[in-house]
Amino acid sequence: YQVIRVLLAIGCGAVGLLVGAIVHTDAAQPLMFGFGGVVVGIFVPSYYINRKARIRQTAISRQLSDVIDLLVVCVEAGLGIFEAIKIVGTECERQGQEIGGELSLGASEIFAGASLGQALRGLAERTAVEDIKPLAATLIQSEQLGAQIGPALDASSDALGNRRRLRAEEEAQKATIKI
């Protein structure tokens, strides 16, 4: 990433110098174009990565409600939370959903010896989606206290649905103001 940023800064700076030399109204013009090219070359990769991250986080946030519902079905069918995460992750990954890969990675961490809490915290950190953090905390607490995970997942699903509905209403309110 850093190598690409440096190479892009050098390349854009050289193109800026070339354009400045072609335009050449005064002696400082090529240097200003070159400096502008360097700045563009440094910030474009960061912008691209941040944009891709926001798109991915939005996709994961949208897929989360369905995934929680699938986890509830699996847990209520008699599977443990680890098996449910593994199955749902595999199925979501097979369908090309971003959250499927993250769940599969979490299941692999558990299989490798990490606790459920560590895997869920890792999932919340990797995705950086705010809705996953309360879900992970609920599942960790349910596991530690020995409570049933199905009702905890169901309550998390309801809370997530309420948050999504409130966000949608907020966006609708903003849209009328923007129009």
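# A walk through the helices

Let's start at the surface: helices α1 (2-23) and α2 (29-76) each contribute at least two residues to a nonpolar patch. Helices here are DSSP runs of H or I with at least four residues, numbered from the N terminus. Before going on, keep in mind that this is a predicted model, where local features need pLDDT of at least 70, side-chain atom pairs count only at pLDDT 80 or more, and totals for chains, interfaces and linings use all residues. Residues are numbered from 1 along each chain as its sequence is written, and side-chain values use heavy atoms, with hydrogens and water left out.

Back to that patch. Its members are Ile 4, Leu 8, Val 40 and Val 44, and together they have about 320 Å² of accessible area. A patch takes residues with over 30% relative accessible area and no salt bridge, joining nonpolar side chains (Val, Leu, Ile, Met, Phe, Trp, Tyr) within 5 Å and like charges within 9 Å. The areas come from the Shrake-Rupley method with a 1.4 Å probe, and for residues only the protein chains shown count as cover. Val 40 sits in helix α2 and has 44% relative accessibility, so it counts as partly exposed. On this scale, buried means under 20% relative accessible area, exposed means over 50%, and partly exposed is in between (1.4 Å probe, protein chains only).

Now follow helix α2 along to Arg 56. The C-alpha atoms of Arg 56 and Val 40 are 24 Å apart, with their positions 16 residues apart along the chain. If you skip residues up to four places away in sequence, Arg 56 touches Glu 98 and Glu 102; contact here means heavy atoms within 4.5 Å. With Glu 102, Arg 56 also makes a salt bridge, the closest N and O atoms being 2.6 Å apart. Arg 56 belongs to helix α2 and Glu 102 to helix α4, so the pair ties together parts that are 46 residues apart in sequence. A salt bridge means a side-chain nitrogen of Lys or Arg within 4 Å of a carboxyl oxygen of Asp or Glu. Side chains of opposite charge can pair when their charged atoms come close. The two partners are covered to different degrees: Arg 56 is partly exposed at 31% relative accessible area, while Glu 102 is buried at 8%.

A little further along helix α2 you reach Ser 65. Ser 65 is buried, with a relative accessible area of 14%, and, leaving aside neighbours within four places in sequence, it is in contact with Leu 160 and Arg 164.

Next, look at helices α3 (residues 81-94) and α4 (residues 98-111), whose axes come within 7 Å and cross at roughly 145 degrees. The axes are lines fitted to C-alpha atoms, for helices over the stretch in contact, and the angles run from 0 to 180 degrees between N-to-C directions. This crossing of α3 and α4 is left-handed, meaning that the near helix is turned anticlockwise from the far one by less than a right angle (clockwise would be right-handed). Where they meet, the α3 side includes Phe 82, Ile 85 and Val 88, and the α4 side includes Leu 103, Ala 107 and Phe 111.

How many salt bridges does a search of the whole structure find? The count is nine. One of them joins Glu 91 and Arg 94, with 2.4 Å between the closest N and O atoms. These two are three residues apart in helix α3, so about one helical turn separates them. Glu 91 is partly exposed at 31% relative accessible area, whereas Arg 94 is exposed at 62%.

Another salt bridge pairs Arg 167 with Asp 131 (2.8 Å, N to O). This pair links distant parts of the chain, 36 residues apart: Arg 167 is in helix α7 (residues 149-178), and Asp 131 is in the loop between α5 (116-127) and α6 (132-145). Arg 167 counts as partly exposed at 37%, while Asp 131 is buried at 5% relative accessible area. Elsewhere, salt bridges with shared partners join Arg 56, Glu 102, Glu 109 and Arg 126 into one network.

That loop between α5 and α6 also holds Ala 128. Most residues other than glycine have a negative phi, yet Ala 128 has a positive phi of about 55 degrees without being a glycine. Ala 128 is partly exposed, at 37% relative accessibility.

The last stop is Ile 149 in helix α7, which is buried with a relative accessible area of 14%. Beyond its neighbours within four places in sequence, Ile 149 is in contact with Val 75, Ile 81, Leu 139 and Ser 142.
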